[in-house]
Amino acid sequence: MRLVWKSLDKMRCLRKRSTIPFLGFLITFLLFLNLYIEDGYVLEGDKRQLRETSVHPSSSERYVHTFRDLSNFSGSINVTYRYLAGTPLNRKKYLTIGLSSVKRKRGNYLLETIKSIFDQSSYEELKEIVVVVHLADFDLAWCENLVQEITRKFAHHIIAGRLLVIQAPEEYYPSLDGLKRNYNDPEDRVRFRSKQNVDYAFLLNFCTNLSHFYMMLEDDVRCSRNFLTGLKKVITSREGSYWVMLEFSKLGYIGKLYHSRDLPRLAHFLLMFYQEMPCDWLLIHFRGLLAQKDVIRFKPSLFQHMGYYSSYKGVENKLKDDDFEEDSIDIPDNPPASLYTNINVFENYDATKAYSTVDEYFWGKPPSTGDFFVIVFNKSIKISKIKIVTGSDDRQNDILHHGALEVGEKLVGTKKGKQCSSYITLGEFKNGNIEVQDVDHKIAFDIECVRIVVTASQKEWLIIRSISLWTTQPPSQ
């Protein structure tokens, strides 16, 4: 045990020299211990006193734990929540949507967000979701007034068990005074973001057993129509692959999807490092520590930031997700296929990345007349719609300036792989993009290839940002 104390003393010294290396070492150390030690995790109020081994005892007087407890991320946190509206159902749902909200100096978007969630869902989709709102403000009068509004406007959803409003009492929070001022943030900013980490930790902890998946949203969000159907389509497509966090928006804490089984560990993680950095940074660390190295973000985005004023001091926040689409239920099918191109590929921006629904793209050096980009399907299919987008936000001139879209049949083998011997042109690219509807009504045969053909050389490089295909029937496996 003395060795453990010495290790902690050394870590405290390292913290003074460099916050980031210290944090990385401590996180790795604690998660390593989690493989070997199975014990309880304790969160208590001021009345319970345990021997304190906190890394930052001066700023965590109410958050008391033992060294052995730090290593167990599997249990729930001992918090007695207030139920302000609704109660959980016994049956697990497919998806929990979690919102944490505090009083804003200017504007309040919570009611609009809740309305958007329910309005953009079909009756069948509503059966599979539960929305949990954590009112994380210590102004009880404000909370009471807001609960009355929520109850009045969404009574039938509360009765049906689709909407819960909760609160974690203030006495369960760690101290928010005298916090570390990392990144030269002002004291009030550090207090705000540190409390926000705890707000989310308590929300995650509450939602652990409500559903199979958990979606993190902010309280000022607009949803795409039938977003749950889009989510399920993506989740199904990822079966058999490992993931910790899937992202359906590029902004903040919006549209971050987790397995509910990971929520206890994430809740503990946010509590342990609540004063170190903002929540979105901690989410990135958590994902990486659980061995998901890369971001897995899907497009189009299913959620859009709509708030104009931030919950921090009411400052303006005009951030928008330019990948958001109101009708994002129309997520492409993109059946299994092989991709070929004779365009000179730049680094690792290979052809397959244009065909992925993840936020990736193909990037090639300037194409010449006759160059091609071909998709060869594993099985012939019927296609209802094709949509191709070239260029990117930061390289808007790297589009296909002159090109045609073709579909083909009659596969033949060549030295460079399979290729169709017969093609029909569907249309020309305009401003780098093309979208063709009702392809199955225009083409009599089952399609075996889709081909992009460069019809004039260009000096600019070429980004194929996305190739999206919709089929009229499930593709053969």
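Asp139 is partly exposed, because its relative accessibility is 26% and the partly exposed class runs between 20% and 50%. In this predicted model, Asp139 forms a salt bridge with Lys103, with the closest N and O atoms 2.6 Å apart. That pair links distant parts of the chain, 36 residues apart: Asp139 is in the loop between β3 and α6, while Lys103 is in the loop between β2 and α4. Lys103 counts as partly exposed too, at 37% relative accessibility.

**The chain overall**
- You're looking at 13 helices and 18 strands.
- The chain has 477 residues, and 54% of them count as buried.
- About 22,100 Å² of the chain is exposed, with carbon and sulfur atoms supplying 50% of that area.
- Take the contacts with a separation of 6 or more: 78% of them come from residues 24 or more positions apart.

**More salt bridges**
- The count of salt bridges comes to 10.
- Lys115 and Asp119 make one of them, at 2.5 Å from N to O.
- Lys115 and Asp119 both belong to helix α4 and sit 4 residues apart, so about one helical turn separates them.
- Lys115 is partly exposed at 46% relative accessible area, and Asp119 is partly exposed at 48%.
- Arg265 and Asp262 form another salt bridge, at 2.9 Å from N to O.
- Here the partners fall into separate classes: Arg265 is partly exposed at 27%, whereas Asp262 is buried at 6%.

**Aromatic rings**
- Searching the whole structure turns up 19 aromatic pairs.
- One of them joins Phe346 and Trp461: the ring centres are 5.1 Å apart and the planes meet at 70°, so the pair is edge-to-face.
- Phe346 lies in the loop between β10 and α12, and Trp461 in the loop between β17 and β18, so this pair ties together parts 115 residues apart in sequence.
- Trp461 also pairs with Trp363; with centres 5.7 Å apart and planes at 65°, this pair is edge-to-face as well.
- Trp363 sits in strand β11, 98 residues away from Trp461.
- Trp363 is buried at 7% relative accessible area, while Trp461 is partly exposed at 28%.
- Put the ring pairs together and you get a cluster of Phe346, Tyr349, Tyr361, Trp363 and Trp461.

**Charges over rings**
- Lys232 has its charged end over the ring of Tyr94, 5.0 Å from the ring centre.
- Lys385 does likewise with Trp470: its charged end sits over that ring, 4.1 Å from the centre.

Key:
Residues are numbered from 1 along each chain as its sequence is written. This is a predicted model: local features need pLDDT of at least 70, side-chain atom pairs count only at pLDDT 80 or more; totals for chains, interfaces and linings use all residues. Side-chain values use heavy atoms; hydrogens and water are left out. Rings of Phe, Tyr and Trp (its six-membered ring) pair if their centres lie within 6.5 Å; planes under 30 degrees apart count as stacked, over 60 as edge-to-face and the rest as tilted. Helices (H or I, at least four residues) and strands (E, at least two) are DSSP runs, numbered from the N terminus. Buried means under 20% relative accessible area, exposed over 50%, partly exposed in between (1.4 Å probe, protein chains only). A charge sits over a ring if NZ of Lys or CZ of Arg is within 6 Å of the ring centre and within 35 degrees of the ring normal. Contact means heavy atoms within 4.5 Å. Accessible areas come from the Shrake-Rupley method with a 1.4 Å probe; for residues, only the protein chains shown count as cover. A salt bridge is a side-chain nitrogen of Lys or Arg within 4 Å of a carboxyl oxygen of Asp or Glu.
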